[in-house]
Amino acid sequence: MTQPQPIHTTHIPGRVRVLTGAKPTADLHVGNYFGAIRPAIEASHDPAKEVILMCVDWHGLTDRAKILEPGKFSASLLATYLTMGFSLENNMVILQSEIPEIPEMAWYLSCVSAVGLLERAHAYKDALGSGKEPTVGLFNYPILMASDIVTFDAQVVPVGKDQSQHLEYASDMVKLFNNAVGRPVLFEPKAEIQPTPLLIGIDGERKMSKSYGNHVPLFAPKKEIEKKIKEIKTDSKGLDDPKDPESCAVFQIMKSFGSKEAIAYMEERLRQGTGYGYGHAKKDLIDEHERVFGSKRELYEHYLNSPRELAQVLAPSHQRARTIAATVRQRVRDALSLGIL
Ligand code: AMP
Ligand code: TRP
């Protein structure tokens with residue numbers, strides 16, 4: 001921390017508030033589970049943390065051509081975290097667009113942020129470079145993200161390396177704001193850059209990504225999962241040859257979601273080789289996928305088919321999140337002498 005923090009915060013003593021943002025997209029896959037979903041679920045079971053998992057649907061709106069997508073996919077993102085075991089006991093799962101305090105905060109932050117700062121943002125520069133016409137929404141994306149963070153007095157924000165600039169911006173904006181009002185009002189977050197490596201796709205070459213079509217979905221029909229797993233590229237080693245698990249995509253994918261036992265079994269059988277070909281490994285991976293995700297498909301679909309129930313399950317999260325947001329909002333408005341009373 002580089003500067004004094006506010007004295008009155010909304011934190012619970014003994015618990016670090018962790019904020020994770022996840023963009024709603026179609027067809028979550030095993031790569032998302034490994035890199036984003038599972039770590040957040042594990043954090044939600046840590047008694048030293050208070051985790052806010054926020055589906056950042058507003059962030060998904062910045063591309064005019066895809067403006068209808070976030071609304072379509074939010075429920076599936078939220079349902080996935082709940083289905084896979086995110087603990088709501090001392091944590092929150094929320095939808096960004098349910099928190100009107102966030103865009104208000106974005107306005108305050110935009111009034112202390114220089115245009116030049118945002119012009120240097122990677123995502124904006126990339127969009128310009130590729131000849132696209134960025135929307136103001138895309139330009140303001142880092143401000144909205146900083147608002148997500150400060151609106152909840154977030155202390156720690158776990159992100160991938162690609163998001164480190166956004167976190168630096170959030171710290172910059174906090175400093176600019178606190179300096180402008182002359183006292184520490186906003187809490188400065190700490191970025192926690194995740195060491196998680198990228199999971200390889202079924203082509204055995206590139207990172208697993210929906211845009212490459214090399215992904216294994218989480219909750220697609222069993223037939224589709226089987227087809228994808230059977231397509232995993234392997235080398236031409238025969239049934240009885242010893243095989244190297246580290247260079248085997250089937251094993252890498254198994255490692256990303258399998259139980260310790262299933263991982264250890266496949267590793268040993270591959271190394272020994274005898275009587276264990278890639279076909280056997282794929283069959284084991286299909287079974288493990290069915291055990292971990294397939295067995296939860298019904299619950300996942302239940303949430304998707306009952307939006308009312310999903311809303312009900314999330315109601316306490318939204319209520320608590322809005323209480324925090326209202327407190328921080330008041331702190332900011334007081335610091336700016338806004339309002340009549
Ligand atoms: P995306 O929608 O592709 O940006 O993915 C959302 C998040 O899922 C990323 O920020 C990563 O944390 C995680 N993720 C996506 N693809 C992979 C992958 N192949 N390996 C590990 N993590 C991934
Ligand atoms: N920009 C992040 C991403 O693309 C998503 C995000 C939005 C986020 N708001 C956030 C992440 C707040 C952490 C905290 O992955």
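Here are some short exercises on a predicted model, each with a worked solution.

As the model is predicted, local features need pLDDT of at least 70 and side-chain atom pairs count only at pLDDT 80 or more, while totals for chains, interfaces and linings use all residues. Residues are numbered from 1 along each chain as its sequence is written, chains are lettered from A and ligands numbered from 1 in the order in which they are written, and side-chain values use heavy atoms, with hydrogens and water left out.

**Exercise 1. Work out what surrounds ligand 2 and which side chains make polar contacts with the ligand.**

Start with the shell, meaning residues with a heavy atom within 4 Å. That gives Leu 19, Gly 21, Lys 23, Val 56, His 59, Tyr 141, Met 145, Asp 148, Val 157 and Gln 163.

Next, ask where they come from. Strand S1 and helix H6 (136-151) each supply at least two of them, and H6 gives the largest share, 3 residues. (Helices, H or I with at least four residues, and strands, E with at least two, are DSSP runs numbered from the N terminus.)

Now look for polar contacts (here, pairs of N or O atoms within 3.5 Å). A ligand 2 nitrogen sits 2.7 Å from a side-chain N or O of Tyr 141. For the side chain of Asp 148 the distance is also 2.7 Å, and for that of Gln 163 it's 2.9 Å. Finish with the cover: on its own ligand 2 has 370 Å² of accessible area, and the protein covers 88% of it (Shrake-Rupley, 1.4 Å probe).

**Exercise 2. Do the job again for ligand 1.**

The shell includes His 29, Asn 32, Leu 199 and Met 208. Asn 32 has a side-chain N or O atom 3.0 Å from a ligand oxygen. Backbone N or O atoms do the work elsewhere: Leu 199 comes to 2.8 Å from a ligand nitrogen, and Met 208 to 2.9 Å from a ligand nitrogen. Alone, ligand 1 exposes 480 Å², of which the protein buries 63%.

**Exercise 3. Is His 29 buried or exposed, and what does its side chain reach?**

First place the residue: His 29 is in the loop between S1 (16-22) and helix H1 (30-44). Its relative accessibility is 7%, so His 29 is buried (buried is under 20%, exposed over 50%, partly exposed in between; 1.4 Å probe, protein chains only). The His 29 side chain reaches the backbone nitrogen of Gly 31 at 3.0 Å. Beyond neighbours within four places in sequence, its contacts (heavy atoms within 4.5 Å) include Met 208, His 215 and Leu 218.

Notes. Polar contact = N/O pair within 3.5 Å; in protein donor to acceptor, adjacent residues only side chain to side chain.
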